[in-house]
Amino acid sequence: MRRIILTTTAVVLGLSLAHAANDEPWLEEGWEPITEEERQPATEQEVEQVSLTEREANDIRYLTGGIGVAEREWLDRHGANYTQRLEFSRGERGAFVSRVALTVRDRDGSVVFQAESDGPIMYVDLPEGRYRAEASYAGETREFSLNVRAGGQSRTHVNFP
């Protein structure tokens, strides 16, 4: 039974089946187990106690955070009307990271938004349009495009090695 579970996980992560069947990734350095407490959904009281502040950079409002399940739930509720949701992670397992520097440029290359995340999630209320973005974490930089449409929310996941 254990082998079947590992094989299924390997397919999701894009690992080779041989690698998953022979190795024990939870023994590798950098493995971050999820505690039973972290698996539990946040209570309504825990979500209500979260106090994140809407911020502004270059006249563009944004929210950032996501440390713990209560903050993530709060952000999901309060970030619903922002045009762009970004999520930052690292490694094959996609462990959440914070303190990611984000720069967004318009078609002319002018910086329209620049801020650092306080957690793995950032909601940014960019105007409709196409942008080039750059996210930096721990000396690594990822470049990507953002296509923001009116009346909806675009979601972007940025993963670092």
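**Strand pairing and buried residues**

Me: Which residue in S7 stands opposite tyrosine 62?

Reply: This is a predicted model, in which local features need pLDDT of at least 70 and side-chain atom pairs count only at pLDDT 80 or more, while totals for chains, interfaces and linings use all residues. Residues are numbered from 1 along each chain as its sequence is written, and side-chain values use heavy atoms, with hydrogens and water left out. S2 and S7 are strands (DSSP runs of E with at least two residues, numbered from the N terminus) that pair (DSSP finds at least two bridges between them) in the antiparallel sense over four bridges. Opposite tyrosine 62 in this pairing stands valine 124.

Me: What positive phi does asparagine 58 have, although it is not a glycine?

Reply: S1 and S2 pair in the antiparallel sense over three bridges, with arginine 55 opposite tyrosine 62 in S2. The two strands form a hairpin with two residues between them, and asparagine 58 lies in that loop. Its phi is positive, at about 55°.

Me: Is aspartate 59 buried or exposed?

Reply: Aspartate 59 is placed in the loop between S1 and S2 and has a positive phi of about 65° although it is not a glycine. Relative accessible area decides the class: buried is under 20%, exposed over 50%, partly exposed in between, with a 1.4 Å probe and protein chains only. Asparagine 58, at 48%, counts as partly exposed. Aspartate 59, at 70%, counts as exposed.

Me: How many of the six residues of S2 are buried?

Reply: S2 covers residues 60–65 and supplies at least two residues of the largest nonpolar core. S2 is largely enclosed by the rest of the structure because, of its six residues, the number buried is five.

Me: Which residues in the largest nonpolar core touch the most other members?

Reply: A nonpolar core is a set of buried Ala, Val, Leu, Ile, Met, Phe, Trp, Tyr and Cys residues joined through side-chain atoms within 4.5 Å. The largest one has 23 residues, and the strands that each supply at least two of them include S3 (84–90), S5 (101–105) and S8 (129–137). The members that touch the most others are Phe88, Leu102, Val104, Phe113, Val124 and Leu126.

Me: How many residues does another core, lying apart from it, have?

Reply: Among the members of this other core are Val50, Leu63, Leu75 and Ile121. Its residue count is eight.

Me: What is the length of the polar contact that joins the side chains of glutamine 84 and threonine 156?

Reply: Glutamine 84 is placed in strand S3 and is buried, with a relative accessible area of 0%. Its contacts (heavy atoms within 4.5 Å) include Met122, Val124, Ser154 and Thr156, and a polar atom of its side chain lies 3.2 Å from the backbone oxygen of serine 154. A polar contact is a pair of N or O atoms within 3.5 Å, where within protein one must be able to donate a hydrogen and the other to accept it, and residues adjacent in sequence count only if both atoms are side-chain atoms. The one to threonine 156 has a length of 2.9 Å.

Me: Which side chains along S10 point to one face and are buried?

Reply: S10 pairs with S3 in the parallel sense over seven bridges, and histidine 157 in S10 stands opposite glutamate 87. The side chains of S10 alternate, with Arg155, His157 and Asn159 pointing to the other face and not buried. The buried ones are Ser154, Thr156, Val158 and Phe160.

Me: What separates the C-alpha atoms of glycine 91 and phenylalanine 160?

Reply: Glycine 91 is found in the loop between S3 and S4 (95–96) and counts as partly exposed at 28% relative accessibility. Not counting residues up to four places away in sequence, glycine 91 touches Asn159, Phe160 and Pro161. Although glycine 91 and phenylalanine 160 are 69 residues apart along the chain, their C-alpha atoms are separated by 6.3 Å.

Me: Which strands stand at the edges, each with a single partner strand?

Reply: An open sheet of four strands has the order S6-S5-S8-S9, with antiparallel pairing. One side of each edge strand is left without a neighbour in the sheet, because each has a single partner; these strands are S6 and S9.

Me: In S9, which residue is the bridge partner of alanine 135?

Reply: S8 and S9 run antiparallel and are joined by nine bridges. Across this pairing, the partner of alanine 135 is arginine 142.
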